Amino acid sequence: DTTAEFDAQDIASNKAMAILAYFGPLVLIPIFAAKQSKFARYHANQGLVLFICGLISSLVWIIPILGWIIAPILSIVITVLAVIGIINALNGKAKELPIIGKFKILK
């Protein structure tokens, strides 16, 4: 939990942007509209990584039989991670998501 590294005012004023980051392509909104917010960018990074994982999961569906088994499981995992991210953003927390939280795309 790295919440202490973020300004309380930044967290309070950018929770909505942080939440938007976990809704697929809407991740672009906080990336471009909240460039100055470290809190929104933190969640935008996690949302972007999650979105990329979702795209990869969609490609797995193409694989006959094995893909049809794995892809629904990946979709459930991605949905659960998105809900965790939304709850963290809503509560003003900066916690890494399990599994994918270590990946950094945005600075």
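Trp61 is partly exposed, because its relative accessible area is 40%. The model in which this value was computed is a predicted one. Trp61 belongs to the loop that joins helix H4, residues 38–60, to H5. Trp61 is also one of the residues that make up a nonpolar surface patch of about 1100 Å². The other members of this patch are Ile63, Ile65, Leu66, Trp68, Ile69, Ile70, Ile73, Leu74, Val77 and Ile99. Admission to such a patch requires over 30% relative accessible area, and Trp61, at 40%, is partly exposed.

Three further members of the patch can be followed in turn. Leu74 sits in helix H5, which spans residues 66–90. Its relative accessibility is 32%, so Leu74 is classed as partly exposed. Apart from residues up to four places away in sequence, Leu74 touches Ser57 and Val60. Helix H4 covers residues 38–60, so the contacts of Leu74 with Ser57 and Val60 are contacts between H5 and H4 under the 4.5 Å heavy-atom cut-off. Along the chain, Leu90 is 16 residues from Leu74, and the C-alpha atoms of the two are 24 Å apart. Leu90 is the residue at which H5 ends.

Ile65 is, like Trp61, in the loop between H4 and H5. The relative accessible area of Ile65 is 58%, and because exposed means over 50%, Ile65 counts as exposed. Its backbone has a positive phi of about 60 degrees, although Ile65 is not a glycine. Ile99, found in the segment after H5, also contributes to the nonpolar patch. Ile99 has a positive phi as well, of about 75 degrees, and is likewise not a glycine. With a relative accessible area of 69%, Ile99 is exposed.

The next topic is charge pairing. Side chains of opposite charge can pair when their charged atoms come close. In this model the count comes to 2 salt bridges. One joins Glu96 to Lys102, with the closest N and O atoms 3.2 Å apart. Another joins the side chains of Glu96 and Lys104, at 3.5 Å from N to O. Glu96 takes part in both pairings, and Glu96, Lys102 and Lys104 are thereby linked in a network of salt bridges. Glu96 has a relative accessibility of 36% and is therefore partly exposed. Lys102, at 66% relative accessibility, counts as exposed.

Asp10 is a charged residue without such a partner. Asp10 lies in helix H1, residues 8–13. Asp10 is buried and has no salt bridge. The nearest side chain of opposite charge is that of Lys38, 7.4 Å away. A salt bridge requires a distance within 4 Å, and the 7.4 Å between Asp10 and Lys38 does not meet that limit, which is why the pair is not counted. What does the side chain of Asp10 have at 3.1 Å from one of its polar atoms? The backbone nitrogen of Phe39 lies at that distance. Leaving out residues up to four places away in sequence, Asp10 touches Ser37, Lys38 and Phe39. Lys38 and Phe39 fall within H4, which covers residues 38–60.

Gln36 gives another view of this part of the chain. Gln36 is in the loop between H3 and H4. Gln36 is exposed, because its relative accessible area is 62%. Gln36 and Asp10 are 26 residues apart along the chain, and their C-alpha atoms are separated by 9.2 Å.

Asn14 comes after helix H1, in the loop between H1 and helix H2, residues 15–20. At 10% relative accessibility, Asn14 is buried. Apart from its neighbours within four places in sequence, Asn14 is in contact with Ala34, Ser37, Phe39 and Ala40. Ser37 and Phe39 are therefore touched by both Asn14 and Asp10, in each case by heavy atoms within 4.5 Å.

Ala33 lies in helix H3, residues 28–33. The relative accessible area of Ala33 is 48%, so Ala33 is partly exposed. Met17 is 16 residues from Ala33 along the chain, and the C-alpha atoms of Ala33 and Met17 are 8.3 Å apart. Met17 falls within helix H2, residues 15–20.

Key:
Residues numbered from 1 in each chain as written. Predicted model: local features only at pLDDT ≥ 70, side-chain atom pairs only at ≥ 80, totals over all residues. Heavy atoms only, no water. Helix = DSSP H or I, 4+ residues; strand = E, 2+ residues; numbered from the N terminus. Buried < 20%, exposed > 50% of the residue type's maximum accessible area, 1.4 Å probe, protein only. Lys, Arg positive; Asp, Glu negative; His and termini not counted. Polar contact = N/O pair within 3.5 Å; in protein donor to acceptor, adjacent residues only side chain to side chain. Patch = residues over 30% accessible without salt bridge, like charges linked within 9 Å, V, L, I, M, F, W, Y side chains within 5 Å. Areas by Shrake-Rupley, 256 points an atom, 1.4 Å probe, with all protein chains shown as cover.
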